[in-house]
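I pulled up this structure to go through it residue by residue. These are my working notes.

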Amino acid sequence: MGSQPSAASRWAIAAVFLVHGSVTGNFATRIPWIQDHTQIPPGQLGLALAFPAIGASLAMPLAGRISHRLGTRTALRVLLTLWTLALALPALSPDLFVLCGALLVYGATSGTADVAMNALGVETEDRLGRPIMSGLHGMWSVGALLGSAAGTVAAHAGTDARLHLAGAALVLTLLGALACGGVLDLRSAPEEHPPPRFALPPRSALVIGAVGFCAVFAEGASLDWSAVYLRDRLGTDAGLAAACTTAFSCTMALARLAGDRMVARFGPARTVRAGGVLATAGGLLIVTAGRPAWAMAGFGLVGLGIAVVVPLAFAAAARSGPAPSQAIAGVATIAYTSGLIAPSAIGGIAQATSLTGSFVLVTTLAFGLVAGARVLRMPARTACAGAPAGAERGSDLERS
């Protein structure tokens, strides 16, 4: 039961993704201020920064039940509002204990909003009859870049993070409420049983999550370690090293924005398989590069190759069984776990061997996308009505 899709509903859910990403971008830029304000050492800061992932993993299974009870539009509006308002909490924390609690709430609200908006994104995609998930995640990346830019300006101007994040929270709450007014309003049938409060994800979601794990690990490793790799292994200056990280983020955003056309033409499995080849080639280029330009090109190829994997994994999870939110929560939990362990795993391997050895692991996981791409194939009922004949034949081949 629910409303019919339109171009307006597609752009409304895209705006929701942009707002969600903007919260993350704003927060990330003020972490140094929060560390100085709470006067905690790097080790304790690392502990605190694990709490968003913990909160998200605990709360994400609740998103499906909330959507069942309130309807998709109201549920998304409530969950997104909680997430945008939670942006103000970390900067208000006076010590480590309160900061961990604030970040637990921050992660829980992020995760539930994440599941709700991805489930609604998949439903919008199915009803429109053409791929939009890659573009939606591209909008998230654009939002993160815009939020980072706003946070960088605020930090450069010396603005108190409590004022900056509180102001950003209010603006993003307003924008999020406006965006949610245009999304699909779907409601469960009265006789439909609500999903369980907590339940293990279906086995199919675990397999799909493994593919997402490979992509998110490569993304986390590249974002957190690309600048260090160029500086320590290839001897570049700090400015060029930082530019590599920025370029990687931009590459991811652009590839996601353009990814829907590739999915419509070749299907999800072929697109991810080709992306895995690109990411593997990029990893090989990184570990063998003798010059900064080659390493930067390698990171660019990794970004291009993994960009569409997570949105397609969420879409495949939602279609893998009768409980889309539960399956998306399972895949998202695995992805959050990968993003959590990737930076420390790279550092541990680098300390035991070298940074080159760390990116050998990244390259190996990138090749896992080639092997696992088939689990993201699109079922017949979601084939794009407007796709060219070649795309239909490609989808048939993927299903065989």
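What follows is what I looked up, grouped by topic.

**Before starting**

I kept in mind that this is a predicted model.

**Salt bridges**

I began with charge pairs. Side chains of opposite charge can pair when their charged atoms come close. How many salt bridges does a search of the whole structure find? I got 5.

I then went to Arg319 and Glu125, whose side chains form a salt bridge with an N to O distance of 2.3 Å. This pair ties distant parts of the chain together. Arg319 sits in the loop between helix H14 (309-318) and helix H15 (324-352), while Glu125 belongs to helix H7 (residues 96-128), and the two are 194 residues apart. Buried or exposed, I wondered about Arg319 and Glu125? Both turned out to be buried.

Arg319 has another partner, since I also found a salt bridge to Asp126, with the closest N and O atoms 2.7 Å apart. That pair again links distant parts of the chain, from the loop between H14 and H15 to helix H7, with 193 residues separating Arg319 and Asp126. I noted that Glu125, Asp126 and Arg319 make up a network of salt bridges.

I checked the accessibility within the network too. Arg319 has 14% relative accessibility, so I put it down as buried, the cut-off being under 20%. Asp126 comes out at 22%, and therefore I wrote it down as partly exposed.

One more pair went into the notebook: the side chains of Arg162 and Asp160 meet in a salt bridge at 2.8 Å, N to O. Arg162 is partly exposed because its relative accessibility is 35%. Asp160 is also listed as partly exposed, at 22%.

**Surface patches**

Next I looked at the surface. Which residues gather in a patch of positive charge? I found Arg270, Arg273, Arg374 and Arg377 there. I followed up on Arg273, which is in helix H12 (residues 268-288). Its relative accessibility is 33%, so Arg273 counts as partly exposed.

I also found a nonpolar patch on the surface, about 400 Å² in area, made by Val171, Leu174, Leu175 and Leu178. I picked Leu174 for a further check and placed it in helix H9 (residues 161-180). Leu174 has 53% relative accessibility and therefore counts as exposed, a label that needs over 50%.

**Helix H12: Thr280 and Gly276**

I went back to helix H12 for Thr280, which lies in that helix. What does the side chain of Thr280 reach? I traced it to the backbone oxygen of Gly276, at 2.7 Å. Thr280 is buried because its relative accessible area is 13%.

Gly276 is in helix H12 as well. I read a relative accessible area of 0% for Gly276, so it is buried. I also looked at what lies across from it in space: Gly276 and Gly368 are 92 residues apart in sequence, yet their C-alpha atoms are 7.4 Å apart.

**Thr236**

Thr236 was another threonine I looked up. I located it in the loop between helix H10 (203-234) and helix H11 (238-266). The side chain of Thr236 reaches the backbone nitrogen of Arg231 at 3.5 Å. With 10% relative accessibility, Thr236 counts as buried because buried means under 20%.

**Leu145**

I placed Leu145 in helix H8 (residues 133-156). How far apart are Leu145 and Ser22, in sequence and in space? I have 123 residues in sequence and 7.3 Å from C-alpha to C-alpha. Leu145 is partly exposed, because its relative accessibility is 32%.

**Gln39 and its phi**

My last entry is on backbone angles. Most residues other than glycine have a negative phi. I found that phi of Gln39 is near 55°, a positive value in a residue other than glycine. Where is Gln39 found? I placed it in the loop between helix H2 (31-38) and helix H3 (42-48). Gln39 has a relative accessible area of 71%, so I marked it as exposed.

How values were computed:
Residues are numbered from 1 along each chain as its sequence is written. This is a predicted model: local features need pLDDT of at least 70, side-chain atom pairs count only at pLDDT 80 or more; totals for chains, interfaces and linings use all residues. Side-chain values use heavy atoms; hydrogens and water are left out. Patches are made of residues with over 30% relative accessible area and no salt bridge: like charges are joined within 9 Å, nonpolar side chains (Val, Leu, Ile, Met, Phe, Trp, Tyr) within 5 Å. Accessible areas come from the Shrake-Rupley method with a 1.4 Å probe; for residues, only the protein chains shown count as cover. A salt bridge is a side-chain nitrogen of Lys or Arg within 4 Å of a carboxyl oxygen of Asp or Glu. Lys and Arg count as positive and Asp and Glu as negative; His and the chain ends are not counted. The place of a charge is taken as NZ of Lys, CZ of Arg, CG of Asp or CD of Glu. Helices (H or I, at least four residues) and strands (E, at least two) are DSSP runs, numbered from the N terminus. Buried means under 20% relative accessible area, exposed over 50%, partly exposed in between (1.4 Å probe, protein chains only). A polar contact is a pair of N or O atoms within 3.5 Å; within protein, one must be able to donate a hydrogen and the other to accept it, and residues adjacent in sequence count only if both atoms are side-chain atoms.
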